[in-house]
Amino acid sequence: VQLQASGGGLVQAGGSLRLSCVASGYIVSIEAMGWYRQAPGKQRELVAGFTSDGSTNYADSVKGRFTISRDSAKNTVYLQMNGLKPEDTAVYYCAADPSYSTTREWLYWGQGTQVTVSS
């Protein structure tokens with residue numbers, strides 16, 4: 001499975017960005033797909049994801065501001081980020097796994113895309 005992420009950038013606080021992630025390869029093995037982020041000096045955290053039954057989960061810090069969606073025909077997952085805050089600044093990673101988990105990191109990873117929010 002290969003994951004190609006795009007869409008990061010520099011935005012002012014309160015602004016919006018949309019990240020995209022295209023999956024290719026043996027994607028029939030994938031049930032979970034979503035986004036992690038890692039800020040400088042911090043551990044990587046799961047931001048938003050589709051679970052094995054298709055429902056969505058979000059980190060408490062982004063609930064109400066971020067929305068994960070997908071276009072199955074395009075094998076693409078999106079992360080719409082609104083109301084961005086400086087603390088959202090991080091490298092964002094698209095990730096996928098044969099099953100959803102919040103207790104371990106997922107198996108497949110795309111390259112990171114930098115999101116920087118200025119105050």
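This passage describes an open sheet, the surroundings of Thr113 and the largest pocket in a predicted model. Local features were accepted at pLDDT of at least 70 and side-chain atom pairs at pLDDT 80 or more, whereas totals for chains, interfaces and linings use all residues. Residues are numbered from 1 along each chain as its sequence is written, and side-chain values rest on heavy atoms, with hydrogens and water left out.

Four strands (DSSP runs of at least two residues, numbered from the N terminus) form an open sheet in the order E1-E3-E8-E7, with antiparallel pairing, where pairing requires at least two DSSP bridges between two strands. Because strand E1 (2–6) and strand E7 (66–71) each have a single partner strand, they stand at the edges, and one side of each is left without a neighbour in the sheet. Strand E3 (residues 17–24) and strand E8 (residues 76–81) are joined in the antiparallel sense over six bridges, and Arg18 stands opposite Gln80 in E8.

Thr113 belongs to strand E11 (residues 113–118) and, at 11% relative accessibility, counts as buried (under 20% relative accessible area, with a 1.4 Å probe and protein chains only). When residues up to four places away in sequence are not counted, Thr113 touches Ser6, Gly7, Gly8, Leu19, Ala90, Val91 and Tyr92, contact being defined as heavy atoms within 4.5 Å. A polar atom of the Thr113 side chain lies 3.1 Å from the backbone nitrogen of Gly8.

Definitions and conventions: Buried means under 20% relative accessible area, exposed over 50%, partly exposed in between (1.4 Å probe, protein chains only). A polar contact is a pair of N or O atoms within 3.5 Å; within protein, one must be able to donate a hydrogen and the other to accept it, and residues adjacent in sequence count only if both atoms are side-chain atoms.
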